[in-house]
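Work through the exercises below with the coordinates open beside you, and try each task before reading its solution.

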Amino acid sequence: MDKQLIRLCRPWMSWEEIVAVKGVLDTGFLTQGPKTEEFERAVADYVGTRYAFATSSCTTALHLSLAALGIGSGDDVLVPDFTFPATANVVIQQGARPILVDVNPKTYNVDIGDLRKKYTTKTKAVIPVHAFGKPAWMDEINDFAHNAGIMVIEDAACALGATYKGRQCGNLGDLGCFSFHPRKIITTGEGGMITTNNDELAQKIALLRSHGGIREDNRFRFVAAGFNYRMSDINAAIGVVQMAKLDHLVDARRHLAHRYNECLGGIPVLTLPSDEKHARQTYQSFVVLLQKGIDRDQLIRKMRESGVETTIGTYALHTEQFFEKNYGYKPGYLPGSYECAT
């Protein structure tokens with residue numbers, strides 16, 4: 001008989017989410033509506049921003065953020081190389097060019113020195129990723145962006161509940177984008193959120209999120225080529241319940257991470273994640289580096305045979321076929337990211 005599998009992640013659900021969804025179904029109002037507004041307010045209040053806009057995913061949140069900034073053809077956007085491809089894909093979808101930046105293997109976050117080197121007059125924005133819920137060094141990133149005159153979009157997909165020097169991730173740049181995929185800190189099944197304090201950007205996001213239309217009396221007046229990136233009230237109802245559990249879920253993840261560190265700390269071939277004094281990370285994933293020479297993929301298979309589900313951390317984009325073919329990257333071009341991914 002196969003051993004019972006310890007899952008990579010399992011969303012924390014209860015009867016409360018079921019009741020919340022049933023409540024929405026009973027109203028017959030299923031698309032973006034009052035529950036979405038309630039969820040947005042809960043996230044904005046928690047993060048400490050004036051605005052929050054629910055979207056269909058973090059990918060659409062990132063794309064919508066770029067669109068609201070007017071980034072497009074001829075523009076460059078700085079993106080950490082060690083990240084899920086969505087962070088760079090949204091730049092490409094806007095007709096702009098992602099400039100891949102190396103990361104620090106000790107933190108998995110963007111290397112500030114390489115970030116500065118990659119800036120040109122075409123650079124319009126930087127998308128720092130809080131890798132696996134560990135806050136990036138936002139003081140240095142914001143100083144760099146301010147001096148360069150570019151915008152900062154936090155990819156905080158894994159970082160709801162993470163703090164940097166006492167401030168919530170998603171409230172550290174011009175825009176913050178969260179994910180509510182089932183592997184994230186809280187979930188709505190699928191979904192995302194944009195947070196901002198910028199009044200002008202908030203107006204553009206609200207317009208572009210829903211087809212570029214402004215309601216006037218009994219019709220819409222369409223003033224922009226917008227998107228359908230809205231969240232339904234069904235998803236938002238789950239989100240409202242999950243937000244009430246957020247602090248508990250972050251504390252539980254941090255407790256598990258500390259237990260893993262205690263149990264695995266004596267294994268010399270592993271480099272374990274660690275906390276930093278200035279930040280409180282969420283440990284969306286517990287990611288370790290293996291000593292060179294160890295076959296990672298074989299280890300993943302062996303652990304699964306033992307009943308423990310594991311996977312790779314994320315991707316070094318410069319080694320992926322699309323980026324090699326279209327941008328001329330070669331494996332190893334960004335050594336920090338390459339070390340993390342291979």
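The exercises that follow concern a predicted model, and they go from the whole chain to its sheets and helices.

**Exercise 1. The chain as a whole**

Determine how many helices and strands the chain has, and compare its radius of gyration with the globule rule.

Solution. Begin with the secondary structure, which comes to 12 helices and 14 strands. The radius of gyration is 20 Å, close to the 20 Å that the globule rule gives for 342 residues, so the chain is as compact as a globular protein of that length. Next take the extents along the principal axes, where the C-alpha trace spans about 65 × 55 × 35 Å. Burial can then be added: with buried meaning under 20% relative accessible area, 49% of the 342 residues count as buried. Finally, among contacts with a separation of 6 or more, 66% are between residues 24 or more positions apart.

**Exercise 2. The seven-stranded sheet**

Establish the strand order of the open sheet of seven strands, and find which helices lie on it.

Solution. Following the pairing from strand to strand gives the order β1-β9-β8-β5-β4-β2-β3, with mixed pairing. The strands at the edges are β1 (51-55) and β3 (97-101), each of which pairs on one side only, and the twist from one strand to the next averages 25 degrees. As an example of a single pair, take β4 (residues 123-126) and β5 (residues 151-155), which are joined in the parallel sense over two bridges; here A125 stands opposite M151 in β5. Now turn to the helices. Helix α7 (residues 199-209) packs on the sheet and touches β1, β5, β8 and β9, its direction making about 20 degrees with that of β1. Helix α3 (residues 58-68) lies across β1, β2, β5, β8 and β9, and runs at about 165 degrees to β8.

**Exercise 3. A residue in α7**

Find what L207 touches when residues up to four places away in sequence are not counted.

Solution. First place the residue: L207 lies in helix α7. The search for its contacts then returns G212, G213, I214, V223 and A224. For a contrasting pair, consider D111, which is 96 residues from L207 along the chain, and whose C-alpha atom is separated from that of L207 by 35 Å.

**Exercise 4. Two packed helices**

Describe how α1 and α8 pack, giving the angle, the distance between axes and the handedness of the crossing.

Solution. Two packed helices are described by the angle between their axes and the distance between those axes. For α1 (residues 15-27) and α8 (residues 233-243), the angle is about 145 degrees and the axes are 9 Å apart, while the crossing is right-handed. At residue level, E16, E17, A20, V21, V24 and L25 in α1 meet D233, I234, A237, I238, V241 and Q242 in α8.

**Exercise 5. The buried residues of α4**

List the buried residues of α4 and identify the elements they pack against.

Solution. Within α4 (residues 86-93), the buried residues are A86, T87, A88, V90 and V91. These residues pack against α3, β2, β3, β5 and α11 (321-327). Just after the helix, G95 takes a positive phi of about 85 degrees.

**Exercise 6. The three-stranded sheet**

Give the strand order and the sense of pairing in the open sheet of three strands.

Solution. The order is β7-β6-β13, and the pairing is antiparallel. The edge strands are β7 (167-168) and β13 (279-280). Between β6 (residues 163-164) and β13 there are two bridges, and Y164 stands opposite A279 in β13.

Terms used:
Residues numbered from 1 in each chain as written. Predicted model: local features only at pLDDT ≥ 70, side-chain atom pairs only at ≥ 80, totals over all residues. Heavy atoms only, no water. Pairing = 2+ DSSP bridges. Helix = DSSP H or I, 4+ residues; strand = E, 2+ residues; numbered from the N terminus. Axes fitted to C-alpha atoms, helices over the stretch in contact; angles between N-to-C directions. Contact = heavy atoms within 4.5 Å. Rg over C-alpha atoms; globule rule 2.2 N^0.38 Å. Buried < 20%, exposed > 50% of the residue type's maximum accessible area, 1.4 Å probe, protein only. Left-handed = near helix turned anticlockwise from the far one by under 90°.
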